[in-house]
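Work through the exercises below with the sequence and the 3D view open. Try each task before reading its solution.

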Amino acid sequence: MLPPPTFATLSAFLARRRDATYWAPYVQEILARHGFSDASQKPVAGFNATHPTFLVGDAVVKLFGMSSAWRRSFASERAATALVQADPNILAPRLL
């Protein structure tokens, strides 16, 4: 298991937020831990994301925890995802 990433400042975190090479080992470990066969593929950074977000095959991995507001962001996104998943007419990603 990889140690959690650490950043001296919020600016240092923001500078790495879309760096797919930096986050690749974390993304690959997460996908492998959950049994995704495409875990070795190179992640592609999301566009204009608040938190590190990467596409690998048909999976999206979003990493929370590096900013002070991460708990509120996570709770909000989880609630929104649950709401749209309750309506079969809305095409939205499935939360794993």
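The exercises deal with salt bridges, pockets and a surface patch.

The model is predicted, so local features need pLDDT of at least 70 and side-chain atom pairs count only at pLDDT 80 or more, while totals for chains, interfaces and linings use all residues. Residues are numbered from 1 along each chain as its sequence is written, and side-chain values use heavy atoms, with hydrogens and water left out.

**Exercise 1. Find the salt bridge between K62 and its partner, and state which elements the pair ties together.**

Step 1. A salt bridge is a side-chain nitrogen of Lys or Arg within 4 Å of a carboxyl oxygen of Asp or Glu. By this rule the count is 3 salt bridges.

Step 2. The partner of K62 is E77, with the closest N and O atoms 2.4 Å apart.

Step 3. K62 lies in strand 3 and E77 in helix 3, so the pair ties together parts that are 15 residues apart in sequence. Helices (H or I, at least four residues) and strands (E, at least two) are DSSP runs, numbered from the N terminus.

**Exercise 2. Describe the salt bridge of R33 and E29, and decide whether E29 is buried, partly exposed or exposed.**

Step 1. The N to O distance between the R33 and E29 side chains is 3.1 Å.

Step 2. Both residues belong to helix 2; they are 4 residues apart, which means about one helical turn separates them.

Step 3. Buried means under 20% relative accessible area, exposed over 50%, and partly exposed in between (1.4 Å probe, protein chains only). E29 has 23% relative accessibility, so E29 counts as partly exposed.

**Exercise 3. Identify the residues nearest the centre of the largest pocket, and class its lining.**

Step 1. On a 1 Å grid over the protein atoms alone, a pocket is an open set of points where a 1.4 Å probe fits, with protein on both sides within 12 Å along at least five of seven lines; lining residues have an atom within 4 Å of a point.

Step 2. Of the 22 lining residues, V60, V61, K62, L95 and L96 lie nearest the centre. Helix 3 gives the largest share of the lining, 5 residues.

Step 3. The lining has 14 nonpolar, 3 polar and 5 charged residues. Ala, Val, Leu, Ile, Met, Phe, Trp, Tyr, Cys and Pro count as nonpolar, Asp, Glu, Lys and Arg as charged, and the others, Gly among them, as polar.

**Exercise 4. Is V60 buried or exposed?**

Step 1. V60 is found in strand 3 (residues 59-62).

Step 2. V60 counts as exposed because its relative accessibility is 57%.
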